[in-house]
Amino acid sequence: MSKLLEVRGIQEYRTVREVKGPLIVIERTRGIAYGEMGVVTGPDGEPRLIQVIEVGPDYAIAQVLTGTLGLPASGSTVRFYGSTLRLPVSEDLLGRIISGRGVPRDSLSMPPAEDFLDVNGEPLNPYARDYPEEPIETGVSAIDGLYTMVRGQKLPIFSGTGLPHNMLAAQVARQATVRGSEEEFAIVFAAIGLRTEEALFFIDEFRRTGALRRLVLVMNLASDPIAERILTPRVALTIAEYLAWQRDYHVLVILSDMLNYAEALRELSSAKGELPGRRGYPGYMYTDLASIFERAGRARGRKGSVTQFPILTMPHDDITHPVPDLTGYITEGQLVLSRSMWGKGIYPPFDVLMSLSRLMKDAVGEGKTRDDHKYVANQLISAYSRALDVRNLAVLVGEGNLSWRERRYLRFADEFERKFIAQGFYERRTFEQTLDIAWDALSVLPEDEYSNIPPEVSKRYYREGIFKSIKDEGVKA
């Protein structure tokens, strides 16, 4: 435990006034700082790591990272070390499974530390940031084709209970890469408050497919202390920053599930007796989430990058819930999963019209993906939006009363959902394959319906034979 701390002078107290849930209150303290680490030892002699989360003129409140079960206030001794938590980091962490407080969970010893970094990170100077404009190929057509992930971006998934966000996270972790880059690509996967069966799914999937070789799995289970849950994404991002800034890796950080993190934050806030904000969440939740999400980016003069792919479950599929609502303000886009698409058997079940990537426009095109990418993406979304309107109209008047063009849009919607959006869990598609499938779907429509594609582009890629080969119930196109 002492290896996680940088000792700068020990202060010892035997004035623990109260043990309240995951918190302890220490009286008559002097010079204790917010975020400072220490150890509390009960009468049983077991040391437990603590972190200060509130300080006053003569008291401090600390969270016990390993739980307070069996820890009494009377007879406990607290020692503070004058430092924040410093994580031992190394390139050899790749392929390892560690806990949310940075200790091994795979029955192996911790690799020799190459550096000790503060888990709270060191924010990048805004002037030193480079604008994200290089794409990451996830191998998932809906993401790569419509909402391209950009190196250095924060692109969350908004999901719901029972939807396959864990499958999608595992697929992206297994398939993602930066094409044409000399730098290595790595994944840091933070499992935050997951159930045991969910954790076993990720471990088995990554080991069986070999993805664990380039991945660090930071795992916090639902049965682990909530104080550790608060630490988990920060430990994961500290490892990611080391790999990116000191080892020149392109690092994709997957955080699942950020709702569990927010619930832990609410529970700690309630234990401290703070006034609640919206739906009981603390009023500083926006700032707290920003302290995590803003650790993504690219830095001028450095080859590596940190890209974030947070996943959060929306209670009752409510996108206005405080957690997705505040997340949307901080991040550069959102990928929303649709319960109706999942009910139709479509995986991954993206809600196309609710999803977006605000940085995509600068990361696609000739020399990055393909020259037609931006036009195709805009046309797909425009055509699909009209097709959904036609579907609603067909419910009212019947498909037989639609014009031949409207029936084409119905066919396009089916092709788009079943061939472009729908994809196998172990199916990986390149940017070129994704765009070719997009043209197959678009070519169901007559070429004069392409309002977002320049004529010189459509002439090169339009699949004329597909449109002519589809019979439209005796109506000549």
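The paragraphs below go from the overall form of this chain to its nonpolar interior.

This is a predicted model, in which local features need pLDDT of at least 70 and side-chain atom pairs count only at pLDDT 80 or more, while totals for chains, interfaces and linings use all residues. Residues are numbered from 1 along each chain as its sequence is written, and side-chain values use heavy atoms, with hydrogens and water left out.

The chain has 13 helices and 21 strands, these being DSSP runs (H or I of at least four residues for helices, E of at least two for strands) numbered from the N terminus. Its radius of gyration is 25 Å, close to the 23 Å that the globule rule gives for 477 residues, so the chain is as compact as a globular protein of that length; the radius is taken over C-alpha atoms, and the rule is 2.2 Å times the number of residues to the power 0.38.

Buried residues make up 58% of the 477 residues, where buried means under 20% relative accessible area with a 1.4 Å probe, protein chains only. In soluble globular proteins, nonpolar side chains tend to be buried together. Here the largest nonpolar core (buried Ala, Val, Leu, Ile, Met, Phe, Trp, Tyr and Cys residues joined through side-chain atoms within 4.5 Å) holds 77 residues, among which Phe189 and Phe412 touch the most other members. Helix H9, residues 373-397, gives the most to this core, with 8 residues. A second, separate core of 64 residues includes Ile53, Val119, Ala244 and Val336.

Leaving aside neighbours within four places in sequence, Phe189 has contacts (heavy atoms within 4.5 Å) that include Ala169, Phe202, Leu217 and Ile254.

Conventions:
Buried < 20%, exposed > 50% of the residue type's maximum accessible area, 1.4 Å probe, protein only.
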